[in-house]
Amino acid sequence: MDPTREQATVGASGPGLRPLNVLIVDDSAMMRMMIKRVTGLCDVPIGRIFEAANGAEAITILEREHVDALFTDINMPVMTGTELLRAISGNPRWQNLLRVIISTDGSEARRNEVAELNVRLYVEKPFRPEVMRDVLCNLSATNAHVS
Amino acid sequence: MSSAICQRRTPTFREHREVLQESLVAVAQESFFSFAEPCDTERFGEAVSSAEADASGSVLRWLRACVEFEGAFAGRVSVTMPHALAVELMMAIAGLAPEDEIAEGHVIDSTGEFANMVCGTWLTKAAVHRKFNLRPPAVTSVGAPVERAADGEELVLINDRPVSLRLDFIAS
């Protein structure tokens with residue numbers, strides 16, 4: 001697959017908020033499509049949306065593009081979400097990257113494992129669209145502060 | 001029983017199946033915007049007949065998605081549904097309209113993700129303190145499931161269409 005694919009700007013253009021560039025990492029194309037769709041429904045300014053099917057593709061995109069928020073699944077082939085977070089952890093280049101886990105695995109054991117990897121939010125699948133709206137509002141407000 | 005299995009004792013196989021069924025209902029309703037409910041063998045049989053009638057004389061196609069997991073315990077969750085329902089669920093999660101083009105690859109991907117979410121949701125409820133790894137889902141075409149609940153199998157209707165759900169533990 002082409003890791004450079006991206007979608008045009010979506011979402012509302014709220015005053016005073018810089019649009020978020022988002023990277024969605026999930027091995028399911030349909031789940032990426034669903035997250036994109038829900039993201040577009042939220043009243044939060046969204047800039048570019050990038051997609052990757054695993055952690056390795058995500059790193060390729062992160063090295064090339066400016067990404068504000070990373071949404072990643074955990075269980076993926078090639079490179080898992082946890083491995084991705086470890087790989088970018090501690091690198092000053094991505095110190096302001098907002099990291100969100102979107103996974104069916106909501107176990108305490110998994111949450112504890114990623115707790116030290118600078119994960120801002122943990123969203124369990126299945127989730128309702130309003131959960132994603134709240135996540136984006138949270139990230140957008142945070143992004144405004146770090147910009 | 002409650003949606004979370006009591007951690008003070010080892011859950012029974014029956015309890016695991018019930019929580020698995022609850023997980024499927026939650027996934028169908030929350031992420032696939034569909035109506036799901038447990039059913040008995042009689043309603044399941046009626047739904048199979050109805051699905052066969054909808055197939056207009058052609059052989060009814062079924063898809064089975066299997067997700068293997070390993071961790072504190074290991075096993076496999078299998079979800080079997082008519083192909084027509086798999087298409088319906090894919091359109092729901094992707095937000096497609098009836099006139100949109102349907103790619104078979106997307107149907108397979110969506111069916112696998114459905115099973116993946118059911119399995120992950122169940123494991124989180126069943127063993128919240130334990131960590132599991134899920135393998136990528138395997139989706140295949142199969143014959144019709146037996147029209148009654150076999151051991152380890154639960155029957156569910158999603159949008160009035162028949163779905164069977166099976167749990168197998170694998171000795172490690």
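Here's a quick tour of how two protein chains, A and B, pack against each other and where a few backbone oddities turn up. Keep in mind that this is a predicted model. We'll start with helices, move on to the nonpolar cores, and finish in the loops.

**Where the two chains meet**

- Helix α1 of chain A (residues 29–41) packs against helix α3 of chain B (residues 83–94), with an angle of about 40° and axes 8 Å apart.
- On the chain A side, the residues involved are A:Met30, A:Met31, A:Met33, A:Met34 and A:Arg37, and they meet B:Met90, B:Ala92, B:Ile93 and B:Ala94.
- Sort the residues of that contact by type and you get eight nonpolar, no polar and one charged.
- Another spot to look at is B:Thr124, which sits in helix α4 of chain B.
- B:Thr124 counts as buried because its relative accessible area is 10%, and the cut-off for buried is under 20%.
- Its side chain reaches the backbone oxygen of A:Thr104 at 3.1 Å.
- Setting aside sequence neighbours within four places, B:Thr124 also touches A:Asp105, A:Gly106, A:Ser107 and A:Glu124.

**A helix with plenty of cover**

- Helix α1 of chain B runs over residues 13–30, so look there for 18 residues spanning 26 Å from first C-alpha to last, close to the 26 Å expected at 1.5 Å a residue.
- Its buried residues include B:Leu20, B:Leu24 and B:Val27, but also B:Glu15, B:His16 and B:Arg17.
- Among the elements covering those buried residues are β1, β3, α4, β6 and β7 of chain B.

**The nonpolar cores**

- In soluble globular proteins, nonpolar side chains tend to be buried together.
- Here the largest nonpolar core has 63 residues, and A:Phe71, B:Phe114 and B:Ile158 touch the most other members.
- Helix α4 of chain B gives this core its largest share, nine residues.
- Apart from that core lies another one of 22 residues, among them A:Phe50, A:Ile61, A:Leu85 and A:Val114.
- Back to B:Phe114: leaving out neighbours within four places in sequence, its contacts include B:Leu24, B:Val27, B:Phe32, B:Met81 and B:Ile158.

**Backbone oddities in the loops**

- A cis peptide bond, with omega about -5°, links A:Lys125 and A:Pro126.
- You'll find A:Pro126 in the loop between β6 and α5 of chain A.
- B:Asn159 isn't a glycine, yet its phi is positive, about 50°.
- B:Asp160 also isn't a glycine, and its phi is positive too, near 65°.
- B:Asn159 is in the loop between β6 and β7 of chain B, and B:Asp160 lies in the loop between β6 and β7.
- B:Asn159 is partly exposed, at 27% relative accessible area, while B:Asp160 is exposed, at 54%.

Methods:
Residues are numbered from 1 along each chain as its sequence is written. Chains are lettered from A and ligands numbered from 1 in the order in which they are written. This is a predicted model: local features need pLDDT of at least 70, side-chain atom pairs count only at pLDDT 80 or more; totals for chains, interfaces and linings use all residues. Side-chain values use heavy atoms; hydrogens and water are left out. Axes are lines fitted to C-alpha atoms, for helices over the stretch in contact, and angles run from 0 to 180 degrees between N-to-C directions. Helices (H or I, at least four residues) and strands (E, at least two) are DSSP runs, numbered from the N terminus. Contact means heavy atoms within 4.5 Å. Ala, Val, Leu, Ile, Met, Phe, Trp, Tyr, Cys and Pro count as nonpolar, Asp, Glu, Lys and Arg as charged, and the others, Gly among them, as polar. Buried means under 20% relative accessible area, exposed over 50%, partly exposed in between (1.4 Å probe, protein chains only). A polar contact is a pair of N or O atoms within 3.5 Å; within protein, one must be able to donate a hydrogen and the other to accept it, and residues adjacent in sequence count only if both atoms are side-chain atoms. A nonpolar core is a set of buried Ala, Val, Leu, Ile, Met, Phe, Trp, Tyr and Cys residues joined through side-chain atoms within 4.5 Å.
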